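Here is a short tour of one protein model, written for someone who likes to have the structure open while reading. Take a look at the sequence and the fold, then follow the notes below.

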Amino acid sequence: MLSFQMKKWDGAVCALVLLAALVLAAGLRLQARGREATVVISREGRVLYEDRLEGPDREIPVDGDYPMTVVIRQGQVWVEQSACPGGDCREMGKISAPGQSIACLPNRVTVAVRGDSPVDLVVG
């Protein structure tokens, strides 16, 4: 049978490791908070619109085979209206975190949130 007994300094070492983890987590959270996310609307890789996610409310009309309206409001972005068949881009909902995107395949348009978050990194 395995038995474990705490030694004199084991509690202090555990407390120190826990404190270091909390300080690291708080530092990473503050660092991420300082980064600005950007909304990028593009068609076939060509940027049509790029601006900060935060800021005033905006409605961006996107011309094309199927006109659409992209809304940026209160730190979120979504497709409000689209004439595309199926309307999947409207159903994708609101996005706000770097790495998230909305695609309108019939219109060949993507709406993406970019930033310096680990979710935004592409590996491979």
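Two strands pair if DSSP finds at least two bridges between them, and the strands themselves are DSSP runs of E with at least two residues, numbered from the N terminus, while helices are runs of H or I with at least four residues. With that in hand, V70 stands opposite V79 in strand 5.

This is a predicted model, in which local features need pLDDT of at least 70 and side-chain atom pairs count only at pLDDT 80 or more, while totals for chains, interfaces and linings use all residues. Residues are numbered from 1 along each chain as its sequence is written, and side-chain values use heavy atoms, with hydrogens and water left out.

**The sheet around strand 4**

- Strands 3, 4 and 5 make an open sheet of 3 strands in the order 3-4-5, with antiparallel pairing.
- Strand 3 and strand 5 are at the edges with a single partner strand each, so one side of each has no neighbour in the sheet.
- On average, neighbouring strands of this sheet are turned by 25° against each other, direction ignored; here axes are lines fitted to C-alpha atoms (for helices over the stretch in contact), and angles run from 0 to 180 degrees between N-to-C directions.
- Strand 4 covers residues 68-73, and 5 of its 6 residues are buried, where buried means under 20% relative accessible area, exposed means over 50%, and partly exposed lies in between (1.4 Å probe, protein chains only).
- In a regular strand, side chains alternate between the two faces of the sheet.

**Partners and turns**

- Strand 3 (residues 58-62) pairs with strand 4 through 5 bridges in the antiparallel sense, and here E59 stands opposite V71 in strand 4.
- The hairpin of strand 3 and strand 4 has 5 residues between the strands, and G64 there takes a positive phi near 155°.
- Strand 5 (residues 76-82) runs antiparallel to strand 4, with 6 bridges joining the two.
- In that pairing, T69 stands opposite Q81 in strand 5.
- How many residues lie between strand 4 and strand 5 in their hairpin? There are 2, and Q74 in the turn has a positive phi of about 50°.

**Salt bridges**

- The model has 6 salt bridges, each being a side-chain nitrogen of Lys or Arg within 4 Å of a carboxyl oxygen of Asp or Glu.
- Side chains of opposite charge can pair when their charged atoms come close.
- R52 and E36 form one of them, at 3.9 Å from N to O. R52 lies in strand 2 (residues 46-52) and E36 in the loop between helix 1 (10-33) and strand 1, so the pair ties together parts that are 16 residues apart in sequence.
- R52 is partly exposed at 36% relative accessible area, whereas E36 is exposed at 53%.
- E44 and R108 also meet in a salt bridge, at 2.7 Å from N to O. E44 lies in the loop between strand 1 and strand 2 and R108 in the loop between strand 6 (101-104) and strand 7 (109-114), so this pair ties together parts that are 64 residues apart in sequence.
- E44 is exposed at 59% relative accessibility, and R108 is partly exposed at 38%.
- E44, D65 and R108 are linked in a network of salt bridges.
- Within the sheet, E59 forms a salt bridge with R73, their closest N and O atoms being 3.9 Å apart. E59 lies in strand 3 and R73 in strand 4, so the pair ties together parts that are 14 residues apart in sequence.
- E59 is exposed, with a relative accessible area of 54%, while R73 is partly exposed at 30%.

**A buried arginine**

- R43 is found in strand 1 (residues 38-43).
- Which side chain of opposite charge is nearest to the buried R43? E44 is, at 6.2 Å, and R43 has no salt bridge; in this count Lys and Arg are positive, Asp and Glu are negative, and His and the chain ends are not counted.
- The backbone oxygen of D63 lies 2.2 Å from a polar atom of the R43 side chain.
- Leaving out residues up to four places away in sequence, R43 touches L48, V62, D63, G64, N107, R108 and V109 (contact means heavy atoms within 4.5 Å).

Conventions:
Polar contact = N/O pair within 3.5 Å; in protein donor to acceptor, adjacent residues only side chain to side chain.
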